[in-house]
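Good morning, and thank you for the invitation to speak. Please look at the sequence and the model on the screen before I begin.

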Amino acid sequence: MIYSIRHLTRFTYSSDVTESFLEARMQPRSEGLQRCLEFELTVRPRANVDSYIDYLGNVVHHFDIATHHTELAVLAESLVEVNATGEVSASLPESAWTEIDDYESDGTLWDFLHESHFATATPLLEELAAKLDIRRRDDPLTVLHQLNRALFASFDYVPNSTRVDSPIDEALGKRAGVCQDFAHIMVTLVRQLGIPCRYVSGYVYSGEEDHDRSSDGATHAWAEALLPELGWVGFDPTNALVAGPRHIRAAIGRDYADVPPTKGVFKGGASGKLGVSVTVVPVETVAPPLPPEMVVVDQQSIPGSVATRYHDNQHQQQQ
């Protein structure tokens, strides 16, 4: 399947700001059964855009705008091919636990086996693990399938119930959150089992026949675990799915802190708003026209300051 993706991010400020610097991790990865066929990043006000590859293989675009501006719009347009895989089996041999223990021998997977900024164990998480019986038993794949379904059943999907920087305890306490929260909870629990696990930022296509909980018009997040015989397998606890040809990977990291779609700073004392609009359609479907005024949805506040200095612009999007 080939998908056309349009990801529009718009920042509006209450007064002039200057010296905006922004990084974007919006270009889908090309690896395995996924290929990014085309990618274009458009910035308004106009800016020279450069790029580099980070240590995890993500494409990072970056630019700066030195002129005064009250609005910054970033439009990422992609054409991505995702090929189908065979169904992931229900289980592995029990001996797979021994093979997983060998992963840590050379240290290359250290980042995906230990705690990170958003993927940190807490007493509430330990209570959940005990309740769901998440421990080394049966075989690794059986446990992960059960965990994926259990998180879906245990938490409500409620947009705006948490923030972009919420710790996992916020979703654990409310028993509600968004895909970013569910992915962080799953990543943390899987790493506690000694299974390498990473956070995936990207998109999911939802057709009329699909019954996803995740919101249309937004980015998506899920977890990937490294398993013997299978390699990296994606688990989407928001929708109780094993990641497949509807999941489009943009970036991977230890957790969300490594892969926000946009992140940056500006100089000024303005307050502002962030708006995001995402469209994912198969290529045979005609994408809706982009409004001339770049109208966006899902606004969230960006706290402002009267200080004239560099400060975090919250150029981030909750997933």
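How many of the 14 residues of H5 are buried? The count is 13, so helix H5 is largely enclosed by the rest of the structure. I should say at the outset that this is a predicted model, and every value I quote is computed from it.

Let me stay with that helix for a moment. H5 covers residues 179–192. At 1.5 Å a residue, its 14 residues should span 20 Å, and the end C-alpha atoms are indeed 20 Å apart, which agrees. Just after H5 comes Gly-194, whose phi is positive, at about 85 degrees.

I turn now to the chain as a whole. There are 319 residues, and buried residues make up 53% of them. The chain contains 5 helices and 16 strands. Of the contacts with a separation of 6 or more, 78% are between residues 24 or more positions apart. The accessible surface comes to about 14100 Å², and carbon and sulfur atoms account for 50% of that surface.

Next, the largest pocket. What is its volume? The value is about 520 Å³. Its lining consists of 22 residues, and those that lie nearest its centre are Leu-33, Thr-85, Glu-224, Trp-232 and Arg-249. By character, the lining divides into 10 nonpolar, 8 polar and 4 charged residues. Three strands each supply at least two residues of this lining: S9, at 220–227, S10, at 231–236, and S12, at 247–253. Which of the strands gives the most? That is S10, with 3 residues.

My next subject is a single residue, Thr-142, which has its place in helix H3, residues 140–154. Is Thr-142 buried or exposed? Its relative accessibility is 16%; the limit for a buried residue is 20%, so Thr-142 counts as buried. Where does the chain approach this residue from elsewhere in the sequence? Setting aside the neighbours within four places in sequence, Thr-142 is in contact with Ala-90 and Ser-91. Glu-94 is 48 residues away from Thr-142 in sequence, while the two C-alpha atoms are 9.7 Å apart in space.

I will close with the backbone in three loops. In the loop between strand S2, residues 34–44, and strand S3, residues 50–53, we find Pro-45. A cis peptide bond joins Arg-44 to Pro-45, with omega at about 0 degrees.

The second loop runs between helix H2, residues 123–132, and H3, and Asp-133 lies in it. Asp-133 is not a glycine, yet its phi is positive, at about 60 degrees. With a relative accessibility of 32%, Asp-133 counts as partly exposed.

The third loop lies between strand S6, residues 156–157, and helix H4, residues 168–174, and holds Asn-160. Here too a residue other than glycine has a positive phi, near 65 degrees. How exposed is Asn-160, and what is its relative accessible area? The area is 69%; a residue over 50% is exposed, and Asn-160 is therefore placed in that class.

To return to the opening point, H5 is the helix to keep in view, with 13 of its 14 residues buried. Thank you for your attention.

Note on methods:
Residues numbered from 1 in each chain as written. Predicted model: local features only at pLDDT ≥ 70, side-chain atom pairs only at ≥ 80, totals over all residues. Heavy atoms only, no water. Helix = DSSP H or I, 4+ residues; strand = E, 2+ residues; numbered from the N terminus. Expected span 1.5 Å × (residues − 1). Buried < 20%, exposed > 50% of the residue type's maximum accessible area, 1.4 Å probe, protein only. 1 Å grid on protein atoms, 1.4 Å probe; cavity = no way out; pocket = protein on both sides within 12 Å on 5 of 7 lines; lining within 4 Å. Points joined across faces, edges and corners; volume = space filled by probe spheres on them. Nonpolar A, V, L, I, M, F, W, Y, C, P; charged D, E, K, R; others polar. Contact = heavy atoms within 4.5 Å. Areas by Shrake-Rupley, 256 points an atom, 1.4 Å probe, with all protein chains shown as cover.
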